[in-house]
Amino acid sequence: MAEITSTQSKHFLSDKVEHFTESVIREMTRQAMLYNAVNLAQGFPDFPAPVEIKQAAQEAVAADVNQYAITWGAKNLRNAIARQMGVWQGISVDPEKDITVCCGSTEAMISTLLAVCNTGDEVVIFEPFYENYGPDSVLSGAKPKFVKLRPPTEAPGEWTFDEKELRKAFHRHTKAIILNTPNNPTGKVFTRAELELIRDLCLEFDVLAITDEIYEHILYDCTEHISMASLDGMRDRTVTINGMSKTYSVTGWRVGWAVAPEKITNAIRKVHDFLTVGAPAPLQEAGAAALSLPPEYYTKLAEGYRTRRDRLVPALATAGFRCFQPRGAYYVMTDISAFGFADDVAFTKHLIKEVGVAAVPGSSFYRDPRDGARQVRFAFCKKPETLDEAARRLSKLTFRKA
Ligand code: GLN
């Protein structure tokens with residue numbers, strides 16, 4: 001056998017994977033476990049999921065719904081998704097032709113991008129952005145084009161974008177815009193006027209909207225969630241992504257979906273089929289039960305999160321953080337300038353090791369780490385006692401001169 005020297009051997013890795021790093025959010029969870037820190041980094045609830053849906057999952061397993069579901073989703077779940085999109089957003093959806101159930105909205109997003117993007121296509125993304133969108137674009141061959149969301153200069157205020165900057169990001173190579181409302185990490189809820197502006201650009205430049213609406217029911221201060229697909233002219237050029245994780249507190253179940261016009265759905269279904277075959281069958285049955293919960297469930301969900309927000313945000317402010325009040329989702333972005341650390345990474349390291357609280361460094365939500373160097377994100381989807389323990393620990397933080 002010929003001897004292979006190390007210089008002869010290929011390096012065995014795809015160039016694509018060299019263009020992104022592992023998720024910082026998920027790394028922070030591992031660090032939190034290592035240092036026994038209160039985990040306000042990754043956005044998953046530490047409280048129980050609703051009894052009704054756990055029971056529905058147990059019953060489905062007991063009834064032997066244990067083999068593959070239909071590749072693009074169990075009929076009961078697709079029917080429930082179509083029904084609820086009609087009830088909540090007035091969008092008419094054909095459960096046979098328009099829905100692909102995936103392993104979480106994470107898979108729905110990457111399957112969509114793989115299904116619609118060609119090499120060289122551009123995808124417009126507002127930043128700060130949920131970190132998956134970066135690698136998702138790279139893996140699908142698309143080039144992300146970032147448009148800034150700017151924090152409010154005075155409290156209370158909203159994150160805003162510059163209309164001219166957004167317009168400049170659109171041109172003939174633009175394939176899609178990724179929109180996340182309510183937004184992670186900023187908590188921004190896009191208004192109808194903002195969505196209409198984006199809609200007009202999508203129509204003018206023949207661009208697809210891919211909207212991640214996973215936090216649609218987590219809203220505060222009388223804000224309203226508006227689905228892009230409900231706007232005039234957008235039904236045929238929108239992929240709406242959603243899932244069970246956040247609305248029903250089951251992030252580990254990995255059940256999400258993409259709703260799109262038939263032609264795009266056919267492409268998404270093909271990618272999904274060969275990526276994962278299907279999402280867990282018994283959990284899809286439980287999903288149908290979850291989507292049948294009464295309207296009070298959603299009112300209580302939002303109210304529960306408002307209480308948690310109003311518990312953590314003042315505690316952070318007292319500890320020295322400048323907080324950007326979220327209007328939706330379950331994160332708060334903060335400014336850490338008052339602590340005088342070199343950057344967000346140095347600060348979160350100190351926080352986890354010396355203070356015992358895990359958070360996500362702001363830089364992981366930006367293409368250029370310098371843009372997030374003074375920001376840190378906290379998740380408040382936690383039990384009151386978890387938030388109180390975090391507050392107790394955070395009160396040990398001391399201000400430093402920069
Ligand atoms: N959405 C959650 C966050 O931003 C985590 C999602 C994930 O890790 N898949 O923290």
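This dialogue discusses two helix contacts and two pockets in a predicted model.

Reader: How is the packing of two helices to be read, and what are the axis distance and crossing angle for H10 and H12?

Author: One begins with the fitted axes. Helix H10 (residues 295-319) and helix H12 (residues 384-394) have axes that come within 9 Å and cross at roughly 5°. Angles under 35 degrees count as roughly parallel, and H10 and H12 are therefore roughly parallel to each other.

Reader: Which residues make this contact, and how do they divide by class?

Author: On the H10 side they are Arg 308, Arg 311, Leu 312, Ala 315, Leu 316 and Ala 319. H12 contributes Pro 384, Leu 387, Asp 388, Ala 391 and Leu 394. By class, the contact of H10 with H12 comprises 8 nonpolar and 3 charged residues, with no polar ones.

Reader: At what angle do the axes of H1 and H11 cross?

Author: The axes of helix H1 (residues 24-35) and helix H11 (residues 344-355) cross at roughly 30° and come within 9 Å. Met 28, Gln 31, Ala 32 and Tyr 35 of H1 meet Thr 348, Ile 352 and Lys 353 of H11. The contact of H1 with H11 holds 4 nonpolar, 2 polar and 1 charged residues.

Reader: Turning to pockets, how is empty space located in general, and how much space lies in the largest pocket?

Author: A probe the size of a water molecule, rolled over the atoms, shows where empty space is left. In this model, the largest pocket contains about 570 Å³ of space. Its lining numbers 24 residues, and those nearest the centre are Phe 20, Thr 21, Glu 131, Gly 134 and Pro 135.

Reader: Which elements supply the lining of the largest pocket, and which gives the largest share?

Author: At least two residues each come from H1, helix H4 (104-116), helix H5 (133-139) and strand E4 (143-148). H5 gives the largest share, 5 residues. The lining of the largest pocket has 11 nonpolar, 8 polar and 5 charged residues.

Reader: How should the second largest pocket be described, in terms of its space and its lining?

Author: The second largest pocket holds about 430 Å³ of space and is lined by 23 residues. Nearest its centre lie Arg 26, Thr 106, Tyr 130, Lys 246 and Arg 254. H1, H4 and H5 each provide at least two residues of this lining, with the largest share, 3 residues, coming from H4. By class, the lining of the second largest pocket divides into 8 nonpolar, 9 polar and 6 charged residues.

Key: Residues numbered from 1 in each chain as written. Predicted model: local features only at pLDDT ≥ 70, side-chain atom pairs only at ≥ 80, totals over all residues. Heavy atoms only, no water. Axes fitted to C-alpha atoms, helices over the stretch in contact; angles between N-to-C directions. Helix = DSSP H or I, 4+ residues; strand = E, 2+ residues; numbered from the N terminus. Contact = heavy atoms within 4.5 Å. Nonpolar A, V, L, I, M, F, W, Y, C, P; charged D, E, K, R; others polar. Parallel < 35°, antiparallel > 145°, perpendicular 65-115°, else oblique. 1 Å grid on protein atoms, 1.4 Å probe; cavity = no way out; pocket = protein on both sides within 12 Å on 5 of 7 lines; lining within 4 Å. Points joined across faces, edges and corners; volume = space filled by probe spheres on them.
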